[in-house]
Structure formats: structure tokens, C-alpha cells
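Let's walk through this model together, beginning at the nucleic acid and moving on to the protein–protein contact. Keep the viewer open as you read.

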2 protein chains.
Amino acid sequence: MVSRAELKEELINAGIRPSVQRLAIFEYVRRSCQHPTAEVVYEALRDELGSLSLTTVYNTLKLFVDAGLISMLTIDDTFRCFDGNRCCHAHFRCNICGKIVDLQMKKDFISLVEGLDGYEITDAQLYLKGVCPSCLKK
Amino acid sequence: MVSRAELKEELINAGIRPSVQRLAIFEYVRRSCQHPTAEVVYEALRDELGSLSLTTVYNTLKLFVDAGLISMLTIDDTFRCFDGNRCCHAHFRCNICGKIVDLQMKKDFISLVEGLDGYEITDAQLYLKGVCPSCLKK
DNA sequence: CTTCATTTTTGAAATCATTGCAAATATATA
DNA sequence: TATATATTTGCAATGATTTCAAAAATGAAG
């Protein structure tokens with residue numbers, strides 16, 4: 001697992017001052033495998049930090065996304081969630097239970113897209129939706 | 001171009017009664033290459049239909065999406081838009097001008113995803129973001 | 001250490017796309 | 001024609017996200 005010091009270094013390299021709130025939020029999103037929403041991050045850290053504002057969480061997550069440190073998922077159209085996993089992967093969302101899971105890719109999917117000459121690509125997301133094995137059984 | 005009669009037939013086959021509003025909305029989304037939002041559909045059809053409610057547009061688009069007749073895009077996190085193009089394709093959204101364009105795929109991208117045994121897939125979207133050639137020039 | 005400027009955080013109010021709801025209208029069936 | 005059902009409508013409510021201006025924290029300069 002990546003250390004707190006390394007995470008701090010990463011923020012500094014991105015030109016972002018590692019305030020207490022920023023480092024805590026960065027650490028939380030990077031270490032979570034749950035694709036947390038801003039609200040979830042807020043609930044998880046408010047006690048640990050003594051105080052925290054939901055606005056700070058929103059601002060900070062946006063800062064990280066713009067810096068390319070984390071990515072924002074819009075697979076569920078009713079809220080945004082965030083992903084600190086830097087490896088290339090796809091996402092599946094179950095229409096029944098709402099759970100979002102990571103799925104590995106055999107190869108990079110951008111290479112399959114035609115006509116990208118002249119485009120600058122900064123983000124790519126592959127979203128699958130349907131019913132998960134667990135919900136299919138019921 | 002697909003005829004109005006064929007579109008009507010398609011609604012009936014999907015078990016959806018082709019009311020005046022439904023057929024007009026279906027026709028508009030199917031023939032548009034612009035990925036319209038509910039608001040855009042509403043503005044475009046209210047005069048043509050004499051009267052139309054935004055709520056009807058939302059309800060009807062949801063009806064079509066649930067029936068698998070059109071798809072909903074969440075590539076822009078601030079609004080939903082709709083796509084009547086049934087061919088497998090990816091989408092690119094320019095971070096500067098906001099334009100959303102279709103991109104052809106060399107092959108179906110679902111085949112690249114690992115670990116889908118036991119999952120039922122009902123929808124797949126590949127979203128790319130960045131800067132389009134036109135905005136890159138400026 | 002103190003002062004001043006800049007950056008960051010905060011909370012409350014505002015925004016706005018979308019949904020809920022119950023009444024009105026249209027359509028199908030008998 | 002009467003009755004039941006399906007559809008549409010407009011307005012109010014919802015809720016995630018943003019705005020904004022003040023408060024707090026941090027950094028630089030003397």
C-alpha cells in the first residue's frame with residue numbers, strides 16, 4: 001500500500017499544496033475500492049479531521065480530477081463517484097443493487113476507437129450496466 | 001432514412017402505444033445526430049405539437065431507454081442526453097466547446113472486458129474526453 | 001516575532017436538472 | 001354512449017452540486 005508520505009509527494013508534484021484536508025481526502029479516495037461519492041468521503045472523514053465542510057470535499061475532489069490524480073465516474077446518472085485506481089479498467093453497475101465493480105481489460109480500449117487523429121484524450125471510461133451474478137440468482 | 005411508419009411499428013413491437021407525443025419524440029431522437037437533452041427535445045417539438053409538457057418528454061425518454069429503443073448518455077456530468085443511433089459506437093466530449101461526437105469502433109469493446117461470466121449486460125458506453133481538433137487549433 | 005498578502009476552508013443560501021403527484025385529457029372497450 | 005384504462009400535463013418538491021463572501025490558516029517579508 002502506498003504510504004502517506006508518497007501521497008503527499010504526489011500532490012506536491014501535481015502543484016497542489018497538501019493541506020490536512022486535501023491529504024486526508026486524497027488518501028481516502030486512493031485507498032478506497034468502493035468508488036465513494038463526495039458525501040461518503042465527507043461522512044468518513046469529518047470525525048477523523050475534527051471538522052470538515054462538504055464544500056471542501058467537492059472543491060478538493062474537483063481539484064484532483066482536474067489535475068488527473070483521480071477520476072470521476074458518471075456511470076450512475078443520479079450521482080457522481082470517484083475512483084483512485086490508476087490502472088486501466090472498466091466499470092459495471094448493477095441495475096438492481098446499484099453496486100459498482102471494477103473489471104479488468106484484456107487491452108487498452110482506446111486503441112479500438114477510430115478517427116481519433118487530431119484529438120487530445122485526457123480521460124476514458126468504459127461503463128457496463130446490467131444485472132450482477134448475485135442479483136441474478138434472486 | 002427510416003420512415004415514420006417504421007418508427008411507429010418499432011414502438012408497437014416494443015409494446016409501447018404510439019401516441020402523438022411518443023412518436024414525435026421517438027422520431028426526433030432517432031433522426032438527430034446531436035445527442036439532444038430532454039430540454040432540447042421539448043423546445044424542438046412544442047411548436048410542432050401545439051402543446052407539450054417537459055414532464056412528458058422526461059417520462060417518454062425514460063420509457064424508450066427502459067425498452068432499449070434509445071440510449072442515455074451521461075458523458076457530461078451536468079446533464080443527460082439521448083442517442084437514437086443503434087450502431088455500436090463510442091462518444092467523445094470536448095472539454096472546451098462541450099460538443100459530443102460519435103466515434104466508430106474497430107470491434108465491439110465488450111469483448112475486451114474480463115470477468116463478465118455470470119453477468120447480464122444490458123448497456124455499454126465508452127466515453128472519451130479531451131480537446132477536439134477544432135478547439136486545439138485555437 | 002509581527003505584519004501583510006495569499007491561499008484554503010467553511011456554512012448557508014442558491015441553482016437547476018429531474019421527479020412526484022394528482023388532476024385533466026385522450027383512447028380503447030363494451 | 002358509457003365506462004375503464006392509459007397518457008399527458010403543470011406545478012411543486014427533491015437533492016446533488018455550486019456560489020459566495022466571510023473566517024481561518026499559511027507563507028513571505030521585514
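The surface near DNA strand D is made up of 3 nonpolar, 9 polar and 4 charged residues. Here Ala, Val, Leu, Ile, Met, Phe, Trp, Tyr, Cys and Pro count as nonpolar, Asp, Glu, Lys and Arg as charged, and the others, Gly among them, as polar; "near" asks for a heavy atom of the residue within 4 Å. Bear in mind that this is a predicted model, where local features need pLDDT of at least 70 and side-chain atom pairs pLDDT 80 or more, while totals for chains, interfaces and linings use all residues. Residues are numbered from 1 along each chain as written, chains are lettered from A and ligands numbered from 1 in the order written, and side-chain values use heavy atoms, without hydrogens and water.

Which residues come nearest to DNA strand D? Of the 16 around it, they are A:Y58, B:S19, B:R22, B:T55 and B:T56. On the DNA side, 77% of the strand D atoms within 4 Å of the protein belong to sugar or phosphate, and the rest to bases.

Some polar contacts (N or O atoms paired within 3.5 Å; within protein, one must be able to donate a hydrogen and the other to accept it, and sequence neighbours count only through side-chain atoms on both sides) are worth finding. A polar backbone atom of A:R80 sits 3.0 Å from a phosphate oxygen of DNA strand D. Sugar or linking oxygens of the strand lie 3.2 Å from a side-chain N or O atom of B:R17 and 3.1 Å from a polar side-chain atom of B:Q21. The elements giving two or more residues to this surface are α4 (54–66) of chain A with α2 (20–31) and α4 (54–66) of chain B; helices (H or I, at least four residues) and strands (E, at least two) are DSSP runs, numbered from the N terminus.

A:R80 also takes part in the protein interface, through a salt bridge with B:D77 (3.2 Å, N to O). The rule, a Lys or Arg side-chain nitrogen within 4 Å of an Asp or Glu carboxyl oxygen, finds 2 salt bridges between chain B and chain A. In contact (heavy atoms within 4.5 Å) are 41 residues of chain B and 41 of chain A.

Finally, look at β5 (residues 120–131) of chain A, which runs antiparallel to β5(B) and is joined to it by 11 bridges; strands pair if DSSP finds at least two. Within this pairing, A:L126 has B:L126 as its bridge partner.
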